[in-house]
Amino acid sequence: MTSPQARIRPDRVTPHRASDLAAALGAPVPDVDAEVTGVVSDNRAAGPGDLFVALPGARVHGARFAADAVARGATAVLTDPAGAALLPRENLPVLVVPDPRSAAGPAAARVYGTPADRLTTFGLTGTNGKTTTTYQLDHLLRALGHRSGLVGTVETRSHDRVLPSVLTTPEAADLQAVLAAMVSDGVDALAMEVSSHAIAQHRVDGVVYDMAGFTNLTQDHLDFHGDLETYFATKAELFTPARSRRGVVVVDDDHGVAMARRAQVPVATLTTGTGVRPLDPDADWTVSAITPDGTGSAFTLTHRDGRALHTRTSLPGGYNVANAALAVAMVLESGAGAEEVERALRSADGLTATVPGRMEVLATSPRVVVDFAHNTEALELALSALRPTTRGRLSVVFGATGDRDPGKRPFMGAAAVRGADVVVVTDDDPHGEDRAAVRAAVLDGAREALAALAGGPGPVPELTEVADRGEAIATAIGRADPEDTVLVAGRGHETIQEIAGVDHHLDDREEARAALARRLPHEGSDAPHGAGHHVADHIKQERTS
Ligand SMILES: CC(=O)N[C@H]1[C@@H](OP(=O)(O)OP(=O)(O)OC[C@H]2O[C@@H](n3ccc(=O)[nH]c3=O)[C@H](O)[C@@H]2O)O[C@H](CO)[C@@H](O)[C@@H]1O[C@H](C)C(=O)N[C@@H](C)C(=O)N[C@H](CCC(=O)O)C(=O)O
Ligand SMILES: Nc1ncnc2c1ncn2[C@@H]1O[C@H](COP(=O)(O)OP(=O)(O)OP(=O)(O)O)[C@@H](O)[C@H]1O
């Protein structure tokens, strides 16, 4: 669902003539002309002077909303022949191109004065770690004295203008607008997430990143891309001259190795030994000397030419060392000196940006952590990141998303059983799907994994189903002992749960804080306790013994 919500836009734009834009896009020059001072692709966001990009959608043609966009002040329309057939031509410049999706970015870049060229741009792609790495990058850029902007899943920020994000990577027209706002706000460097959907839908056309980064690739979004190879190939486009100038690729998995080989721009490789592949002796950058440091890790990053720096991240888990090292390597590869970066990081206490809903620790006794892990790999990693520092039981509360990638549900169930001592299966975002059926698919995988463990020597995890997510969180936290860890996984920073087309407010962090507040006061606890060991009567518990 495209939201009509507010967008960050530049305050002043030099007017362009629709006829000049048509010529630049190779479109026939329209008979009538008009001035354009902005670009939007959703009629609800249209205002005076906008070029309305009417995209052919899967559900509806955007041209159906052109009349409303014009009523709101739009002065011209960019669309395809099918869209043009739906529009009145009198007194309205209509720019007709074969593929308006790929024309939207370049058109908006032109209207807004190619803002990406006036920023040092860092673009992150990969299945997991984009948000976390983007925040660490932003933290480091600020430590180096930059005024940095941020675009990603959680929020979009141009200096002091901050809006919650609707998409990980905005629509092309909205992206160019926010980049132009950054230029006028004095922002000089950009840390942003580039999703595979965005690459496939030409949302980042009009941007050539100075530095692209690749984190990793695992099965996800196959409902959109069809197969893993297409998903990989889409991400690989970021490492072509049309989209970036240089890159850093983490080679901790086979897809990273393949990405580095396939890259058509110069890329440096980074090995950390924290992924599925061992340290790669041929990599350009190597992470070594990883040691526990508070909740996170300290580590050394060394280039094969001898450049080295030592720093720390406050986020738990080996993969967060990889995220932090990737942020640092991207900045070093963009020309910053190792000593300068090490000094800046020392003054900023290392890579210590708090990432909303990513390994966000809400309490320490019991430890309650909210994390965005919403696929099998991420769930496994989040659990294994927390296991070494959990003295008691490790619980996980999670579900799978409805209407998305149903194949991953049983795998997520199995991963939870293999990684936790207490597994609470609940709803995630059911969207339009039957909630019980989504949970049942997760539970199938969980039960199969339980059965496999039942014959073994180790303890068998406890499996519980609690449909309501708030209640599931309350249950897990209510039953936790002070030395336990409760991981609430899957929704991170999200605040809306969509059930059968209706949006409900639901914030895992609020639910967890409320559950912590209900626990009885407990010696050694850092959070108020209450309703200690209550378990809702209707909860179905399963134990295999
Ligand atoms: C599945 C998918 O990718 N859908 C995208 C697709 O939607 P669609 O083809 O159904 O569009 P449509 O609803 O038919 O509308 C067609 C056109 O009419 C316009 N419209 C529509 C309705 C209206 O009232 N007014 C209006 O102007 C729309 O803005 C659009 O331009 O084209 C739209 C326009 O480009 C996208 O906004 C939309 O992304 C939707 C919102 C979405 O949820 N995308 C997700 C899957 C996504 O992109 N996620 C990635 C992150 C993935 C991850 O890593 O987790 C992201 O970058 O956020
Ligand atoms: N480098 C990594 N490797 C594997 N898993 C990771 C990595 N970094 C983070 N994760 C896990 O994946 C989850 C999502 O992390 P993050 O939000 O940083 O990634 P993302 O790529 O932005 O994901 P999304 O596009 O779904 O928002 C985290 O909650 C964490 O559990």
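## Two packed helices and the domains around them

Let's start with a pair of helices: H5 (residues 130-143) packs against H11 (residues 318-333) at an angle of about 45°, and their axes are 9 Å apart. Because angles from 65 to 115 degrees count as roughly perpendicular and those under 35 degrees as roughly parallel, H5 is called oblique to H11. Keep in mind that this is a predicted model.

The crossing of H5 past H11 is right-handed. So which residues of H5 and H11 meet? On the H5 side you'll find Thr132, Thr133, Gln136, Leu137 and Leu140, and they meet a set in H11 that includes Asn320, Asn323, Ala324 and Met330. Sorting the residues of this contact by type gives 8 nonpolar, 5 polar and no charged.

Now zoom out to the whole chain. The domain assignment splits it up like this:

| Domain | Residues |
|---|---|
| domain 1 | 16-111 |
| domain 2 | 115-347 |
| domain 3 | 360-542 |

Taken over C-alpha atoms, the centres of domain 1 and domain 2 sit 33 Å from each other. Each of the two puts 12 residues into their contact. On the domain 1 side, strand E3 (38-40) and helix H4 (100-111) each give at least two residues, with H4 making the largest share at 7 residues. That side of domain 1 is made up of 7 nonpolar, 4 polar and 1 charged.

One more stretch to look at: an unreviewed UniProt entry lists residues 357-492 as "domain: Mur ligase C-terminal". In the model, residues 357-492 are 39% helix and 21% strand, and the C-alpha atoms at the two ends are 4 Å apart.

How values were computed
Residues are numbered from 1 along each chain as its sequence is written. Chains are lettered from A and ligands numbered from 1 in the order in which they are written. This is a predicted model: local features need pLDDT of at least 70, side-chain atom pairs count only at pLDDT 80 or more; totals for chains, interfaces and linings use all residues. Axes are lines fitted to C-alpha atoms, for helices over the stretch in contact, and angles run from 0 to 180 degrees between N-to-C directions. Angles under 35 degrees count as roughly parallel, over 145 as roughly antiparallel, 65 to 115 as roughly perpendicular and the rest as oblique. A crossing is left-handed if the near helix is turned anticlockwise from the far one by less than a right angle, and right-handed if clockwise. Two residues are in contact if their C-beta atoms, placed from the backbone, lie within 7 Å. Ala, Val, Leu, Ile, Met, Phe, Trp, Tyr, Cys and Pro count as nonpolar, Asp, Glu, Lys and Arg as charged, and the others, Gly among them, as polar. UniProt positions are given in the numbering used here, feature names are shortened, and annotations may be inferred rather than shown by experiment. Domain bounds come from an automatic or database domain assignment.
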